[in-house]
Amino acid sequence: MITRTRLATGVCALLAALAAGMAFPAGAVADETSATAPKVDLVLDVSGSMRARDIDGQSRMAAAKQAFNEVLDATPEEVRLGIRTLGANYPGDDRRTGCKDTAQLYPVGPLDRTEAKAAVATLAPTGWTPIGPALLKAADDLDGGEGSKRIVLISDGEDTCAPLDPCEVAREIAAKGIGLTIDTLGLVPNTKLRQQLSCIAEATGGTFTSVEHTDELTDKVNQLVDRAADPVVTPVATTGAEQCAKAPTLKSGLYTDRAEFGQQRWYRVDVEPGQELRASVSVAADRAVNPSYGVLLRAETVHGREIVRGEAAGNGRTDVMSTGLRYPKAELDDEDEGEGASAAETVCLQVTHSFSAGSGVQTTPGLPLELTVDVVDGPSQSSDVASFGLGRGWWLLGALILVGFLAGVVWGWVSRWRVAVWRTN
């Protein structure tokens with residue numbers, strides 16, 4: 001009896017240990033999945049102006065609720081979704097209190113559709129429009145994790161809490177380099193609202209959409225939520241130097257920085273023999289700039305000799321200017337492969353732009369800069385390298401030579417035949 005009891009106890013202990021061993025890895029996998037899951041924070045304007053009845057015969061608030069319910073039903077399982085409101089709780093006239101009126105209606109995390117819909121159903125148009133403070137809080141809602149992060153702002157009016165300019169807030173969020181995108185939707189927008197929401201979106205690489213119908217709102221929000229679930233490459237924040245000697249050394253990847261007005265940014269890349277450096281840069285004009293501007297990307301040796309450059313220029317209002325370059329490094333000859341030969345070459349990349357801020361526009365922080373660096377195997381002599389500058393043109397040249405030769409032979413034969421006939425006659 002005692003033996004059986006001990007045996008049963010041992011079996012139970014073994015099963016418990018196995019269960020615990022399987023539980024911990026499962027928890028680790030769940031934590032890892034949560035850390036990389038895409039996150040979306042829907043930020044909804046619930047200010048008093050949302051009472052206006054100009055969207056398909058119903059109020060803007062009713063249209064937003066209907067759209068939210070359909071979006072919640074269609075949200076992918078892997079997306080961690082939250083809802084934040086602005087202007088939903090304070091109905092008074094005190095500006096200081098009204099500009100703090102932003103709250104998390106539903107926390108960012110695994111979605112309980114029933115609970116989220118119940119929270120949305122309680123909303124009623126109430127107070128102010130503190131867009132700037134709401135964006136700051138929404139960025140905090142999405143803090144942490146390695147997955148994509150997206151704020152979807154839906155508003156029907158301009159921010160009423162200046163001097164905290166929501167466009168400047170968006171630039172500050174972009175400058176943190178956390179890979180957060182802000183998309184904006186304007187409900188029946190006027191000119192000022194269009195300008196403000198467009199500026200917010202452009203500062204973080206997002207989009208602005210004008211909405212005048214409920215189905216448009218539903219479709220666009222669904223599209224943005226689905227886009228968050230798509231795999232993305234998050235730029236790595238870096239800081240370029242004022243000279244090559246102090247510049248950071250970059251590997252292949254996507255990088256983000258800030259390019260100050262009238263300053264150069266330097267970066268370093270190591271290129272091995274037989275490899276090719278491919279680099280491109282985009283500078284976004286996220287504020288009002290003067291016409292006539294350009295972007296220059298130069299590759300130099302550490303001794304200051306220019307290798308190659310790429311440049312682009314514009315005249316007018318352009319959101320983004322981009323340019324790029326390629327530099328193939330030749331293979332080492334047998335004579336160069338001796339002992340002590342230096343294999344890798346350090347290439348200095350210089351980024352310069354000639355944007356200038358418009359009158360009364362802040363010059364700091366600098367303009368958003370996105371730099372792509374790709375070091376790949378160099379082109380092969382048989383396929384990618386153009387022979388004597390002709391490349392595949394050799395095929396055409398050969399065909400023309402052959403056709404010319406045959407035409408000459410035929411023409412010569414015809415000419416001799418005609419001469420022979422003439423002599424006979």
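How are helix 2 and helix 4 oriented to each other, roughly parallel or roughly antiparallel? The first view below takes up that question.

This is a predicted model, in which local features need pLDDT of at least 70, side-chain atom pairs count only at pLDDT 80 or more, and totals for chains, interfaces and linings use all residues. Residues are numbered from 1 along each chain as its sequence is written, and side-chain values use heavy atoms, with hydrogens and water left out.

**View 1. Helix 2 packs with helix 4.**
Two packed helices are described by the angle between their axes and the distance between the axes. Here the angle is about 170° and the axes of helix 2 and helix 4 (residues 113–121) are 10 Å apart. Helix 2 and helix 4 are therefore roughly antiparallel to each other. (Angles under 35 degrees count as roughly parallel, over 145 as roughly antiparallel, 65 to 115 as roughly perpendicular and the rest as oblique.) Axes are lines fitted to C-alpha atoms, for helices over the stretch in contact, and angles run from 0 to 180 degrees between N-to-C directions. Helices (H or I, at least four residues) and strands (E, at least two) are DSSP runs, numbered from the N terminus. From helix 2, K65, F68, N69, L72 and D73 meet R113, A116, K117, V120 and A121 of helix 4, where contact means heavy atoms within 4.5 Å. The residues of this contact between helix 2 and helix 4 are 5 nonpolar, 1 polar and 4 charged. (Ala, Val, Leu, Ile, Met, Phe, Trp, Tyr, Cys and Pro count as nonpolar, Asp, Glu, Lys and Arg as charged, and the others, Gly among them, as polar.)

**View 2. R60 and D156 form a salt bridge.**
A salt bridge is a side-chain nitrogen of Lys or Arg within 4 Å of a carboxyl oxygen of Asp or Glu, and the count by this rule comes to 15. For R60 and D156, the closest N and O atoms are 2.7 Å apart. The pair links distant parts of the chain, 96 residues apart: R60 is in helix 2 (residues 60–74), and D156 is in the loop between strand 4 (149–155) and helix 6 (166–175). R60 and D156 are both buried. (Buried means under 20% relative accessible area, exposed over 50%, and partly exposed in between, with a 1.4 Å probe and protein chains only.)

**View 3. Strand 10 and strand 13 run antiparallel within an open sheet.**
The sheet has 5 strands in the order 7-8-15-10-13, with mixed pairing. Its edge strands, each pairing on one side only, are strand 7 (236–237) and strand 13. Two strands pair if DSSP finds at least two bridges between them, and 9 bridges join strand 10 to strand 13. Look for E276, whose bridge partner in strand 13 is P328. E276 counts as buried, at 3% relative accessibility. The side chains of E276 and R326 also meet in a salt bridge, at 2.9 Å from N to O. Because R326 lies in strand 13 (residues 320–328) and E276 in strand 10, this pair ties together parts that are 50 residues apart in sequence.

**View 4. D183 sits buried in strand 5.**
The relative accessible area of D183 is 1%. Leaving aside its neighbours within four places in sequence, D183 is in contact with R150, I151, V152, L153, G206, T207 and L224.

**View 5. E311 is an exposed residue of strand 12.**
Strand 12 spans residues 306–314, and the relative accessibility of E311 is 55%. Apart from neighbours within four places in sequence, E311 is in contact with V295, L296 and T323. The C-alpha atoms of E311 and V351 are separated by 9.9 Å, with their positions 40 residues apart along the chain.

**View 6. Three loops hold unusual backbone geometry.**
Most residues other than glycine have a negative phi, and most peptide bonds are trans. The bond from T364 to P365 is cis, with omega near -5°, and P365 is in the loop between strand 14 (345–353) and strand 15 (367–377). V188 has a positive phi, near 45°, in the loop between strand 5 (180–187) and helix 7 (191–203). S292 also has a positive phi, of about 70°, and lies in the loop between strand 10 (275–284) and strand 11 (293–300). V188 is partly exposed, with a relative accessible area of 28%, and S292 counts as partly exposed at 47%.
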